[in-house]
Amino acid sequence: MSNEKCNKCGAEIPMDSKFCLNCGAKVVKETRTVSEPIHQIFHTVFSKNMIIAAILLGLLFIWIGVLVMTFSTDTTGYRVAMVLNSFGFFLTGTVLIGGGIVNDTIEKYVRLGMVVVGVYMITFVLSLPGILSSIRNFIP
Ligand SMILES: [Zn+2]
């Protein structure tokens, strides 16, 4: 491991030194916890670009699902459409929640909105089997 750098002036500090030899600032040892790399991964996964990409992908799945449902004439078509829709909603919802929690660069109320919409979408997906069975009752 190389020498550490002073937080104040950037000068190199020998490993065992408690103070910076250049400016005299106290050396604050970085306490690296195990959770930090995981935190970093979350920040990468839920970066703004990834969120936008995942939401677009999710909306694409929902859109295809709606198309399949529009043109399907039997229950198999409806089932495929439901799977596509569920995946789209689940993906978008998850990314919204994750992005809302992790992205501290986004405005507070926008993040709160993202989490709320995400939770709503996942709740919707979880209630789909019930909706599906009630739809099936109306299909002769
Ligand atoms: Zn210094």
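Donors are N, O and S atoms within 2.8 Å of the metal (3.2 Å for Na, K and Ca), and sites may look incomplete since water is not among the atoms. Keep that in mind for these exercises on a predicted model, where local features need pLDDT of at least 70, side-chain atom pairs count only at pLDDT 80 or more, and totals for chains, interfaces and linings use all residues. Residues are numbered from 1 along each chain as its sequence is written, and side-chain values use heavy atoms, with hydrogens and water left out.

**Exercise 1. The zinc site**

Find the protein donors of the zinc ion and classify the site.

Step 1. Start at the metal: Cys 6, Cys 9, Cys 20 and Cys 23 each offer SG, lying 2.3 Å from the zinc ion.

Step 2. Read these donors along the chain, and the spacing is C-x2-C-x10-C-x2-C.

Step 3. Place two of them among the helices (H or I, at least four residues) and strands (E, at least two), which are DSSP runs numbered from the N terminus. Cys 9 sits in the loop between strand 1 (4-5) and strand 2 (12-13), and Cys 23 in the loop between strand 2 and helix 1 (35-45), so the pair ties together parts that are 14 residues apart in sequence.

Step 4. Check the angles. Four donors count as tetrahedral if all angles lie between 85 and 135 degrees. Here the angles among the four donor atoms are 107 to 113°, and the site is tetrahedral. For four tetrahedral donors the ideal angle is 109.5 degrees.

Step 5. Look at exposure: buried means under 20% relative accessible area, exposed over 50%, and partly exposed in between (1.4 Å probe, protein chains only). Cys 9 is partly exposed at 35%, and Cys 23 is partly exposed at 38%.

**Exercise 2. The nonpolar cores**

List the residues of the largest nonpolar core and say which helices supply it.

Step 1. Apply the rule: a nonpolar core is a set of buried Ala, Val, Leu, Ile, Met, Phe, Trp, Tyr and Cys residues joined through side-chain atoms within 4.5 Å.

Step 2. The largest one has ten residues: Ile 51, Ala 54, Ile 62, Phe 89, Val 95, Leu 96, Ile 106, Met 114, Met 121 and Val 125. At least two residues of this core come from each of helix 2 (48-71), helix 3 (75-102) and helix 4 (108-126).

Step 3. Apart from this core lies another, of five residues, including Ile 13, Cys 20, Ala 25 and Val 27.

Step 4. Turn to helix 2, where Ile 51, Ala 54, Gly 58, Ile 62 and Gly 65 are buried. Helix 3 and helix 4 are among what covers the buried residues of helix 2.

**Exercise 3. Asn 85**

Is Asn 85 buried or exposed, and which residues does Asn 85 contact?

Step 1. Asn 85 belongs to helix 3, and at 8% relative accessibility Asn 85 is buried.

Step 2. Count contacts (heavy atoms within 4.5 Å). Leaving aside neighbours within four places in sequence, Asn 85 touches Phe 61, Ile 62, Gly 65, Val 66 and Met 69.

**Exercise 4. Aromatic pairs**

Classify the pairing of Phe 61 with Phe 87.

Step 1. Rings of Phe, Tyr and Trp (its six-membered ring) pair if their centres lie within 6.5 Å; planes under 30 degrees apart count as stacked, over 60 as edge-to-face and the rest as tilted. This rule gives two aromatic pairs.

Step 2. The ring centres of Phe 61 and Phe 87 are 4.7 Å apart with planes at 70°, so the pair is edge-to-face.

Step 3. Phe 61 lies in helix 2 and Phe 87 in helix 3, 26 residues apart.

Key. Tetrahedral: all angles 85-135°; square planar, octahedral: opposite > 155°, others 65-115°.
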